[in-house]
Amino acid sequence: AASDVYKRQLEIEKKFESLSAWKGFVSVESNHRKTVLLLARDSYKHRLDLEKLLEMLHLEFSTNEFPDEPFDFEGMLDSEILYKIVEQDEIVADLYSELLDKTDPKLVSSLSGTEDASFFYQTLKRIVEDEKRHVRTVKSLTGNITRVQ
């Protein structure tokens with residue numbers, strides 16, 4: 001169900017914001033920390049947007065945390081760390097794009113109790129654009145980072 005997808009995405013945003021962002025931040029050189037902070041900041045904004053969306057759709061927040069996945073950046077280049085972090089953004093962008101294409105405005109109106117479903121589509125479109133921007137940013141950086149032997 002669509003509500004389960006939103007709840008799962010909220011959990012993904014929470015996990016990224018706390019675990020991978022922090023481990024990534026302390027693992028990269030200082031000149032790449034700004035990029036990790038940008039990703040974490042946007043992830044936090046997405047979390048707030050998703051919480052607001054769930055409220056507007058009158059759906060309950062998930063109380064189930066999904067299990068921690070290990071983020072082991074030991075021995076990785078900055079480019080590899082950044083890319084590993086942003087892999088989730090590619091998946092999220094694809095998922096939200098699918099939700100945008102497949103979610104019937106009548107369902108959104110029914111859940112929210114309002115005829116205007118634009119809030120739903122605008123929120124998801126903005127998140128998709130952010131996630132795609134993250135991927136572009138990291139890919140442009142990773143082309144300039146080389147392993148020092």
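**Group meeting: H5 and the cores**

Okay, let's start with two aromatics: Phe120 and Tyr121 are both buried. Keep in mind that this is a predicted model.

How many aromatic pairs are there? The count is one. Phe120 and Tyr121 form that pair edge-to-face, because their ring planes sit at 85 degrees, over the 60 needed, with the centres 4.9 Å apart.

Both residues belong to helix H5, where the buried set also includes Phe119, Leu124, Ile127, Asp130, Glu131 and Val138. H5 covers residues 118-142, so 25 residues by the DSSP run. From its first C-alpha to its last it reaches 36 Å, close to the 36 Å expected at 1.5 Å a residue.

Now, the packing. The largest nonpolar core has 17 residues, and Leu57, Tyr96, Val108, Phe120 and Leu124 have the most contacts inside it. H2, helix H3 (78-102) and H5 each give two or more residues to this core. Which of them supplies the largest share? That's H5, with six residues.

Take Val108 as an example: leaving aside neighbours within four places in sequence, Val108 is in contact with Leu57, Thr103, Ala117, Phe119, Phe120 and Tyr121. Apart from that core lies another one, of nine residues, with Leu39, Leu82, Val86 and Val135 among them.

Last stop, Ser43, which sits in helix H2, residues 30-56. Is Ser43 buried or exposed? Buried: its relative accessibility is 3%, and the cut-off is under 20%. Ser43 and Ile127 are 84 residues apart in sequence, yet 9.1 Å apart in space, C-alpha to C-alpha. And Ile127 is itself one of the buried residues of H5.

Methods. Residues numbered from 1 in each chain as written. Predicted model: local features only at pLDDT ≥ 70, side-chain atom pairs only at ≥ 80, totals over all residues. Heavy atoms only, no water. Helix = DSSP H or I, 4+ residues; strand = E, 2+ residues; numbered from the N terminus. Expected span 1.5 Å × (residues − 1). Buried < 20%, exposed > 50% of the residue type's maximum accessible area, 1.4 Å probe, protein only. Phe/Tyr/Trp six-rings, centres within 6.5 Å; stacked < 30°, edge-to-face > 60°. Core = buried A, V, L, I, M, F, W, Y, C linked by side-chain atoms within 4.5 Å. Contact = heavy atoms within 4.5 Å.
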